[in-house]
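Welcome! Have a look at the chain below, and keep it in view while you work through the exercises.

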Amino acid sequence: MDKVEISEGVVHKLPTDLKVVLISNPKALAAWEAITPLARNEWICWTITVKQQKTRDEHVKRTVEELAQGKRRPCCWIGCIHRPDKPMSSSQKWVLERQKTKSK
């Protein structure tokens, strides 16, 4: 089998679990390659920033399904907090602060 090259995100590298399912779905892979590096970064970050493996597995599955359906970005998500080229928005800060308060 030939090695498949898949584009990455702006900040994040494509994790193996997401790469494997993208390769297995040609429609999702085509959509992945058609979106911007920033959009790919958001899908990757949305997938890897969860705490539980079960949730991550669900995010990987949803990423491929939603890309195949034509969705270009994850919905209802605060955005990647790891981008050093862009300051966090006030909504990102609010959500992160709220998460800290809930975990106490």
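Four short exercises follow, each with a worked solution.

This is a predicted model, in which local features need pLDDT of at least 70 and side-chain atom pairs count only at pLDDT 80 or more, while totals for chains, interfaces and linings use all residues. Residues are numbered from 1 along each chain as its sequence is written, and side-chain values use heavy atoms, with hydrogens and water left out.

**Exercise 1. Describe the overall make-up of the protein.**

Start with the elements: the protein has five helices and zero strands. Helices (H or I, at least four residues) and strands (E, at least two) are DSSP runs, numbered from the N terminus. Next, turn to burial: of the 104 residues, 33% count as buried, where buried means under 20% relative accessible area, exposed over 50%, and partly exposed in between (1.4 Å probe, protein chains only). Finally, take the contacts (heavy atoms within 4.5 Å). Among those with a separation of 6 or more, 64% join residues 24 or more positions apart.

**Exercise 2. Find the residues at the heart of the largest nonpolar core.**

First, recall the term: a nonpolar core is a set of buried Ala, Val, Leu, Ile, Met, Phe, Trp, Tyr and Cys residues joined through side-chain atoms within 4.5 Å. The largest one has 17 residues, and L14, L18, L22, W32 and L67 touch the most other members. Two or more residues come from each of α1 (16–23), α2 (26–34), α3 (37–48) and α4 (53–68). In soluble globular proteins, nonpolar side chains tend to be buried together. Now zoom in on W32: leaving aside neighbours within four places in sequence, W32 is in contact with I6, S7, L14, L18, L22, R40, W43, I44 and L67.

**Exercise 3. Work out how E8 connects to the rest of the chain.**

Begin with its place: E8 lies in the segment before α1. Its relative accessible area is 30%, so E8 is partly exposed. Its side chain reaches the backbone nitrogen of L14 at 2.9 Å. Beyond four places in sequence, E8 is in contact with K13, L14, P37, R40 and I44. Of these, P37 is 29 residues away in sequence, yet the two C-alpha atoms are 6.6 Å apart.

**Exercise 4. Decide whether T47 is buried or exposed, and list what it touches.**

Locate T47 in helix α3. Its relative accessible area is 0%, so T47 is buried. Not counting residues up to four places away in sequence, T47 touches L18, R56, H59, V60 and T63.

Notes: A polar contact is a pair of N or O atoms within 3.5 Å; within protein, one must be able to donate a hydrogen and the other to accept it, and residues adjacent in sequence count only if both atoms are side-chain atoms.
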